[in-house]
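Q: Please take a close look at one part of this model and describe how it is put together. Start with one ring and work outwards from there.

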Amino acid sequence: MAQVFSFHVFLSAETHRPSSSSSSSSKSLKFEQRTKTSISAPRKGSFNPSRKTQKLDSEVSTHRGGQFNPSRKTQKLNSEISPHRAVSAVRLMRIEMGGAFADLLNERGKGSGENEMGYVERTLGFRTRDLEDRDLRLVTDIVGGTIRWKRYLDHLISSICHDANTFSRMEPLLLQILRIGFYEIVKLNMPPYAVVDENVRLAKIALRHGAGNMVNGILRKLVLLKESNSLPLPKVEGDDRTQARALATLYSHPVWMVRRWTKHLGQEETIRLMTWNNSDPSFSLRANSGKGISRADLVTKLNLLKVPHEISSHLNDFVRMKKGLQIVIQAGLLKEGLCSVQDESAGLVVSVVDPQQGESIIDCCAAPGGKTIYMASLLSGQGMVYAIDINEGRLRILKETAKLHQVDGVITTIHADMRSYADNNTMKCDKVLLDAPCSGLGVLSKRADLRWNRRLEDMEELKNLQDQLLDAATQLVKPGGVLVYSTCSIDPEENEERIAAFLLRHPYFCVDPADKYVPSEFVMEHGFYSSNPVKHSLDGAFAARLRRAL
């Protein structure tokens with residue numbers, strides 16, 4: 001799948017992921033990870049931001065990693081540290097080291113709070129009280145927001161330290177505690193005394209007394225600067241490069257993305273896009289028609305759970321929600337297969353495919369299977385979707401999901417690299433969906449970490465892989481059949497330019513305009529489907545429907 005989605009709910013979620021050139025179906029080029037909020041009540045005591053700032057350099061470790069010892073003797077339960085704060089700090093550290101996602105949901109769509117507390121105990125040497133539902137939401141908010149705003153926060157921390165070495169040598173846990181504190185003070189406008197108190201306490205208990213003093217000094221200085229409206233932020237001025245660097249800091253994105261978008265979209269539209277990427281994501285649920293669940297049934301259940309929602313104006317089975325996903329998960333709606341988490345932009349790609357009863361359809365890069373399952377549900381038990389993927393483990397999840405959603409009778413999984421499969425098999429189908437590995441630049445709102453795991457160099461690798469997969473997919477399409485190429489990217493080099501190059505190589509294919517399958521507001525000049533995050537308030541996605549000559 002091309003979609004990247006911050007909640008890894010493989011039983012139910014449609015997840016666009018980036019991919020490496022060595023894999024035709026894994027949607028991730030080595031990058032998998034991931035999103036803002038509140039704090040517990042402060043202890044009594046006065047707060048004076050003008051108190052003398054501690055010397056910053058004295059408490060900075062000279063080593064960037066290895067400050068904690070997971071095997072240290074576990075201490076007793078610590079009731080002073082709020083659990084969401086301890087979990088957030090440890091999870092942020094694990095994400096930075098490549099060992100975690102930015103949400104608290106495992107692949108079964110269940111909360112993993114118990115596992116998280118285990119990580120806290122092994123990392124910090126103590127346990128807090130167990131995570132409650134409110135704590136899980138706070139962790140998701142704090143972690144995602146801190147990751148999104150990392151470049152902005154690091155700029156402020158480094159500026160207040162007045163020494164690049166102090167920042168660069170800061171140990172991982174101390175840096176995460178500071179990032180959390182800066183995010184809460186600057187972006188969430190939390191009461192400063194509470195933020196300082198909580199973070200200082202965590203640093204003292206988890207690290208040492210001197211680390212707490214350092215956090216105290218830095219956070220108090222931040223409070224003074226914020227209150228005097230004198231935060232050390234760059235101005236957008238100078239040449240294009242200088243302006244791009246300033247915008248990258250102010251809106252917390254990589255410089256190369258800012259320059260690329262400014263080139264394609266202009267500066268104003270780029271700012272709007274980055275603002276969208278930094279906003280709280282909304283989610284959509286798809287009622288599982290394969291199990292006989294209608295949207296009306298789903299709406300009834302959401303009303304009973306008191307989850308606010310809106311009816312999709314684009315797709316009959318979809319409901320959009322801004323908050324309450326944790327409630328839906330804990331109520332078992334996903335686990336029972338009553339609905340799936342799937343963005344409407346992905347659902348509209350399936351609309352472009354337009355599955356019909358009795359058809360044979362190949363999903364070339366199928367796992368984890370969001371679009372596969374949706375297409376299968378539209379066949380109403382007549383026809384077959386062949387789900388090809390190079391990742392055997394993710395295919396197993398797809399099969400389990402298909403069984404849960406009662407569409408396993410019309411899905412056949414094939415473990416293979418679709419390029420070699422196309423070369424070595426004669427099977428041809430009515431329709432072929434190539435939901436290609438891509439940069440995921442259309443889903444940065446949901447995938448908080450993805451912006452930091454992408455490099456400019458990845459784009460060339462991905463374009464080469466996309467061309468290879470498109471060429472291979474042609475071998476699987478019947479004469480007169482349809483090939484749909486889709487991504488979760490908003491980059492024209494991955495979208496329109498790939499199709500233009502493809503049509504030059506394969507003149508026996510032509511564009512079948514998407515306006516027959518999706519609302520006209522999603523149709524581009526050349527008949528392609530495109531969803532724009534800023535314009536449509538959906539994930540960014542692209543699809544081209546191509547018909548093969550008879």
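Which residue lies over the face of Y152, and at what distance from the ring centre?

A: K187 lies over the face of Y152, at 4.4 Å from the ring centre. A charge is said to sit over a ring if NZ of Lys or CZ of Arg is within 6 Å of the ring centre and within 35 degrees of the ring normal. This is a predicted model, in which local features need pLDDT of at least 70 and side-chain atom pairs count only at pLDDT 80 or more, while totals for chains, interfaces and linings use all residues. Residues are numbered from 1 along each chain as its sequence is written, and side-chain values use heavy atoms, with hydrogens and water left out.

K187 also has its charged end over the ring of W149, 3.7 Å from the centre of that ring. The two rings under K187 form a pair themselves: the centres of W149 and Y152 are 5.5 Å apart and the planes stand at 70 degrees, so the arrangement is edge-to-face. Rings of Phe, Tyr and Trp (its six-membered ring) pair if their centres lie within 6.5 Å; planes under 30 degrees apart are stacked, over 60 edge-to-face, and the rest tilted. Seven aromatic pairs turn up in a search of the whole structure. Elsewhere, Y485, F528 and F542 make up one aromatic cluster.

Both rings are covered. W149 counts as buried because its relative accessibility is 12%, and Y152, at 5%, is buried too. Buried means under 20% relative accessible area, exposed over 50%, and partly exposed in between (1.4 Å probe, protein chains only). Over the whole protein, 59% of the 550 residues count as buried.

Y152 is one of the buried residues of helix α4, together with L153, D154, L156, I157, I160 and C161. Helices (H or I, at least four residues) and strands (E, at least two) are DSSP runs, numbered from the N terminus; the protein has 20 helices and twelve strands. Helix α4 covers residues 150-161, and its end C-alpha atoms are 16 Å apart, which agrees with the 16 Å that its twelve residues should span at 1.5 Å a residue. The expected span is 1.5 Å times one less than the number of residues. An α-helix has 3.6 residues a turn, so residues three or four places apart point the same way.

What do the buried residues of α4 pack against? Their partners are α3, α5 (164-168), α6 (172-187), α8 (209-227) and α9. Contact here means heavy atoms within 4.5 Å. After α4 comes H162, with a positive phi near 60 degrees. Most residues other than glycine have a negative phi, and most peptide bonds are trans.

Among these partners, α3 (residues 133-148) has 16 residues and reaches 23 Å from its first C-alpha to its last, close to the expected 22 Å. Helix α3 is mostly covered, with twelve of its 16 residues buried. The buried set includes D135, L136, T140, I147 and R148.

R148 leads on to S445, which touches R148, W276, N277, S279, D280 and P281 when residues up to four places away in sequence are not counted. S445 lies in the loop between β8 (429-435) and α18 (456-473). With a relative accessibility of 2%, S445 is buried.

Another partner of α4 is α9 (residues 240-250), which contains A244. A244 is buried, at 4% relative accessibility. Leaving aside residues up to four places away in sequence, A244 touches V255, V258 and R259. The C-alpha atoms of A244 and V258 are separated by 5.9 Å, although the two residues are 14 apart along the chain.

C161 in α4 is buried, which raises the matter of disulfides. The whole structure has zero of them, a disulfide being a pair of cysteine sulfur atoms within 2.5 Å. The sulfur of C438 is 3.2 Å from the closest cysteine sulfur, in C488, and this is too far for a bond. For C365 the closest cysteine sulfur is in C364, at 6.0 Å, again too far for a bond.
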